[in-house]
Every structure is written in structure tokens, then in C-alpha cells.
Amino acid sequence: MKKGNKQQTLVLIKPDGLIKSLTGNIITELSDTGLKIVGAKIVQVTRELAEEHYQHLKEEKFFDELIKYIMGEYHTKRVLALIYQGENAVNKVRRFIGSTDPEKAEPTTIRGKYGRITSKGVFENVVHASENEKEAEREIKLWFRPKELVQTIYPTESKEVKKVEYFWKK
Ligand code: ADP
């Protein structure tokens, strides 16, 4: 493997991971990768975001169920989105999470330990992680705004926007 290949990857703790209180376990397991978290937020996933994120699977028969799953219809309407950064981040995280199908995932991986297949055939596999560097960039740009990260990882541009901001009521 190429040395000095600093990458970013998007990790999502899916609604089943949150409802099962697996957040701590998953973050602890991922700390063994030695990677650094450079962005984190809790998200209520809209249909638009879900469909854009899983655009490559639109033709699959499980697509509608997958969208309901990631939007939290079966568990809780929350996803924890994290950006991990470091050498070969994409493959390192993929190795730790294991195969897509939780029944085929190595039992020592996150999906192998905590995932299941529902009677409807949905792979409830607890976490998502970007498949390659190109997808990682696409996904990070979809889930995060530049200012939500502790450092600039991709080129940015500024635009003037008029918007209403909310503050805590005094
Ligand atoms: P990965 O999440 O490992 O990158 P994919 O992008 O192929 O895998 O699939 C996205 C998600 O869709 C999976 O994590 C899983 O929740 C669901 N999924 C994938 N394949 C199937 C399948 N054959 N049956 C049911 N759900 C699936």
C-alpha cells in the first residue's frame, strides 16, 4: 500500500446503531485504526439526502426499504455522521466494518458483530463507510458544509447568501 496517502472517509452510524446504543462501541473500535475525526454531527436524514447518498442503488429491489431504513423509519430518525482522516483511511475503515452482508461479514468486524438481516431482507448493518476515495469526496460534500470540519480538506468557494439564523431565546 502507498505510504503517505492521506485520505478522508465518511462513516455513518445508522439508525439501528444509534437505537442499539452502539455509538460508543463503534467509535472505540474505529479508534484502533489510528485515524483522526475531523467532522461529526447528528443528522435527521431527509428523503432527498437518502436518495442522493444511495443513488447508485436506485434500480435495486431493496431501494425503497433501504431509504426507509436510513431515514430511521424502523429505529430512530437519527444518523451520526463522522469524517475520519489519515493514511489510507478508506480501506482501513472498510476493513474494520466488514462486508455489506452482515451474515458474510467476519465475526470480529463491526457489521459481523452487530448487524442482522431483517425478515423484509434489509441488511441492517449498523454502519456505512465510503467505498473508495472518489465516493468519499462525493459523500463528504453531500453530508457536510466546509465550515463544519475542523480543517479545509477540499477547495472551497464563498457565495453571499441571505438567510435567517436561529439563536437560543433569551
Ligand atoms: P456498502 O454499504 O457496504 O458500501 P452498498 O453500497 O452496496 O454496500 O449498499 C448500501 C447499503 O444497502 C448496505 O449497507 C445495506 O444496508 C443495503 N444493501 C446492500 N445490498 C443489499 C441487499 N442485497 N439486500 C438488502 N440490503 C442491501
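How many aromatic pairs does the count come to in this predicted model? By the ring-pairing rule, the count comes to zero aromatic pairs. A pair of aromatic rings is described by the distance of the centres and the angle of the planes. The legends below begin with charges over rings and then turn to the ligand, the strands and the loops.

**Figure 1. Lysine side chains over the rings of Phe144 and Tyr154**. Lys41 is placed over the face of Phe144, and the distance to the ring centre is 5.0 Å. In the other case, the charged end of Lys141 sits over the ring of Tyr154. Here the distance to the centre of the Tyr154 ring is 5.0 Å.

**Figure 2. Residues around the ligand**. The ligand has 13 residues around it. Those that come nearest are Arg94, Thr100, Arg111, Phe123 and Asn125. Sorted by class, this shell holds six nonpolar, four polar and three charged residues.

**Figure 3. Polar atoms of His56, Phe123 and Asn125 beside ligand oxygen atoms**. His56 places a polar side-chain atom 3.0 Å from an oxygen atom of the ligand. For Phe123 the atom concerned is a polar backbone atom, and it is 3.0 Å from a ligand oxygen atom. Asn125 has a polar side-chain atom at 2.8 Å from an oxygen atom of the ligand. The ligand taken alone exposes 530 Å², of which the protein buries 83%.

**Figure 4. Gln8 and Thr9 in strand 1**. Strand 1 covers residues 6–13 and contains Thr9. Gln8 belongs to strand 1 as well. Are these two residues buried or exposed? Thr9 is buried, because its relative accessible area is 0%, under the 20% limit. Gln8 has a relative accessible area of 10%, so it is also buried. The side chain of Gln8 is in polar contact with the side chain of Gln85, at 2.9 Å. Thr9 and Ile70 are 61 residues apart along the chain, and their C-alpha atoms are separated by 18 Å.

**Figure 5. Ile42 in strand 2 and Gln44 in the loop that follows**. Ile42 is part of strand 2, which spans residues 36–43. Its relative accessibility is 51%, so Ile42 counts as exposed, the limit being over 50%. From Ile42 to Lys92 the separation is 50 residues in sequence and 23 Å in space, C-alpha to C-alpha. Gln44 is placed in the loop between strand 2 and helix 3, the latter formed by residues 47–53. Gln44 counts as exposed because its relative accessibility is 58%. Gln44 and Ile140 lie 96 residues apart in sequence, with a C-alpha to C-alpha distance of 16 Å.

**Figure 6. Leu57 in the loop between helix 3 and helix 4**. Helix 4, at the far end of this loop, is made of residues 63–71. Is Leu57 buried or exposed? Leu57 is buried, because its relative accessible area is 17%, which falls under 20%. Along the chain, Leu57 and Tyr74 are 17 residues apart. The C-alpha atoms of Leu57 and Tyr74 are separated by 20 Å.

**Figure 7. Positive phi at Ser21 and Val126**. Most residues other than glycine have a negative phi. Ser21 is not a glycine, yet its phi is positive, near 55°. This residue is in the loop between helix 1 (15–19) and helix 2 (23–31). With a relative accessible area of 57%, Ser21 is exposed. Val126, likewise not a glycine, has a positive phi of about 70°. The loop that holds Val126 runs between strand 5 (123–124) and strand 6 (127–129). Val126 has a relative accessible area of 0% and is therefore buried. Of the two, Ser21 is exposed, whereas Val126 is buried.

How values were computed
Residues are numbered from 1 along each chain as its sequence is written. This is a predicted model: local features need pLDDT of at least 70, side-chain atom pairs count only at pLDDT 80 or more; totals for chains, interfaces and linings use all residues. Side-chain values use heavy atoms; hydrogens and water are left out. Rings of Phe, Tyr and Trp (its six-membered ring) pair if their centres lie within 6.5 Å; planes under 30 degrees apart count as stacked, over 60 as edge-to-face and the rest as tilted. A charge sits over a ring if NZ of Lys or CZ of Arg is within 6 Å of the ring centre and within 35 degrees of the ring normal. A residue is near a molecule or strand if one of its heavy atoms lies within 4 Å of it. A polar contact is a pair of N or O atoms within 3.5 Å; within protein, one must be able to donate a hydrogen and the other to accept it, and residues adjacent in sequence count only if both atoms are side-chain atoms. Accessible areas come from the Shrake-Rupley method with a 1.4 Å probe; for residues, only the protein chains shown count as cover. Ala, Val, Leu, Ile, Met, Phe, Trp, Tyr, Cys and Pro count as nonpolar, Asp, Glu, Lys and Arg as charged, and the others, Gly among them, as polar. Helices (H or I, at least four residues) and strands (E, at least two) are DSSP runs, numbered from the N terminus. Buried means under 20% relative accessible area, exposed over 50%, partly exposed in between (1.4 Å probe, protein chains only).
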